[in-house]
Amino acid sequence: MSMNVQFLNPFLEAANEVLKAEIGVEVQRGEISLQRSALTANEVTVLLSMIGQLQGVVLYGMSKATACMLVSKMMGETITELDSLATSGVAELGNVLTGRATIKLSEIGLQTDISPPTVIVGAGITVSTLDFPRLVVPIRFGEHELEAHLALRLAEPTNNQTHVPLVRGLGARA
């Protein structure tokens with residue numbers, strides 16, 4: 001299964017708008033690649049799940065230095081350590097980026113919801129997106145880079161079900 005690049009532009013537009021508003025910089029997109037192997041996380045990775053007409057996972061990877069710089073600009077104070085406040089700020093940035101992208105996705109007819117963000121701190125951690133290939137997009141601003149990983153696909157039609165059906169024989173009684 002291949003990744004549909006129509007999902008890319010809403011995320012790029014969101015990144016440009018949000019980063020310009022939050023830290024006052026224009027972003028540049030690096031070379032896009034498609035990866036099928038498990039992700040080896042950066043020093044800081046924000047993970048959000050998407051459900052609805054578009055399903056999968058969005059990950060934003062960055063160095064600790066980039067995370068601290070982003071949170072410093074957002075909060076208007078110098079952040080040098082990735083403490084609970086900085087981690088919360090990075091999580092919120094991932095939430096805002098993905099939330100803005102979902103608004104743009106809705107404008108092209110794709111209704112999606114996102115999970116609360118999860119922050120993974122520690123380089124070299126393996127994150128598997130299973131059978132979802134990931135579109136990897138470096139987003140550069142100044143000397144910093146945020147790597148967006150989009151492991152997304154269109155949901156199968158489900159007759160408007162908004163829940164996960166129970167499967168007989170797996171411990172659930174219907």
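Student: What stands opposite Val57 in strand 10?

Tutor: In this predicted model, Val57 stands opposite Ala151 in strand 10.

Student: How do you know that strand 5 and strand 10 pair?

Tutor: Two strands count as paired if at least two bridges are found between them. Strand 5 and strand 10 are joined by 8 bridges, so the pairing satisfies that definition. The two strands run antiparallel.

Student: What makes strand 9 and strand 10 a pair as well?

Tutor: The requirement is at least two bridges, and strand 9 and strand 10 pair over 7 bridges, in the antiparallel sense; the term therefore applies. Within this pairing, Val136 stands opposite His149 in strand 10. The hairpin formed by strand 9 and strand 10 has 2 residues between the strands, and Gly142 takes a positive phi near 60 degrees there.

Student: Why is helix 2 called roughly perpendicular to helix 3?

Tutor: Helix 2 and helix 3 pack at an angle of about 85 degrees. Angles of 65 to 115 degrees count as roughly perpendicular, which means that helix 2 is roughly perpendicular to helix 3. Their axes lie 9 Å apart.

Student: Which residues make the contact between helix 2 and helix 3?

Tutor: Helix 2 contributes Ala67, Leu70, Val71, Met74 and Met75, while helix 3 contributes Leu85, Ala86, Gly89, Val90 and Leu93.

Student: What makes a set of residues a nonpolar core, and how many residues has the largest one?

Tutor: Its members must be buried residues of the nonpolar kinds, joined through side-chain atoms within 4.5 Å. The largest nonpolar core has 39 residues, and Phe11, Tyr60, Met62, Ile139 and Phe141 have the most contacts inside it. Because membership requires a residue to be buried, Phe11 of this core must have under 20% relative accessible area. Helix 1 (8–23) is one of the elements that supply at least two residues, and the largest share, 8 residues, comes from helix 1. Apart from this core lies another of 6 residues, among them Leu47, Val57, Leu59 and Ile120.

Student: How do you know that Ile139 is in contact with Leu12?

Tutor: Contact requires heavy atoms within 4.5 Å. Leaving aside neighbours within four places in sequence, the residues in contact with Ile139 include Leu12, Ala15, Leu19, Val27 and Leu146.

Student: How many helices and strands does the protein have, and what percentage of its residues count as buried?

Tutor: There are 3 helices and 10 strands. Of the 174 residues, 41% count as buried.

Note on methods. Residues numbered from 1 in each chain as written. Predicted model: local features only at pLDDT ≥ 70, side-chain atom pairs only at ≥ 80, totals over all residues. Heavy atoms only, no water. Buried < 20%, exposed > 50% of the residue type's maximum accessible area, 1.4 Å probe, protein only. Helix = DSSP H or I, 4+ residues; strand = E, 2+ residues; numbered from the N terminus. Axes fitted to C-alpha atoms, helices over the stretch in contact; angles between N-to-C directions. Parallel < 35°, antiparallel > 145°, perpendicular 65-115°, else oblique.
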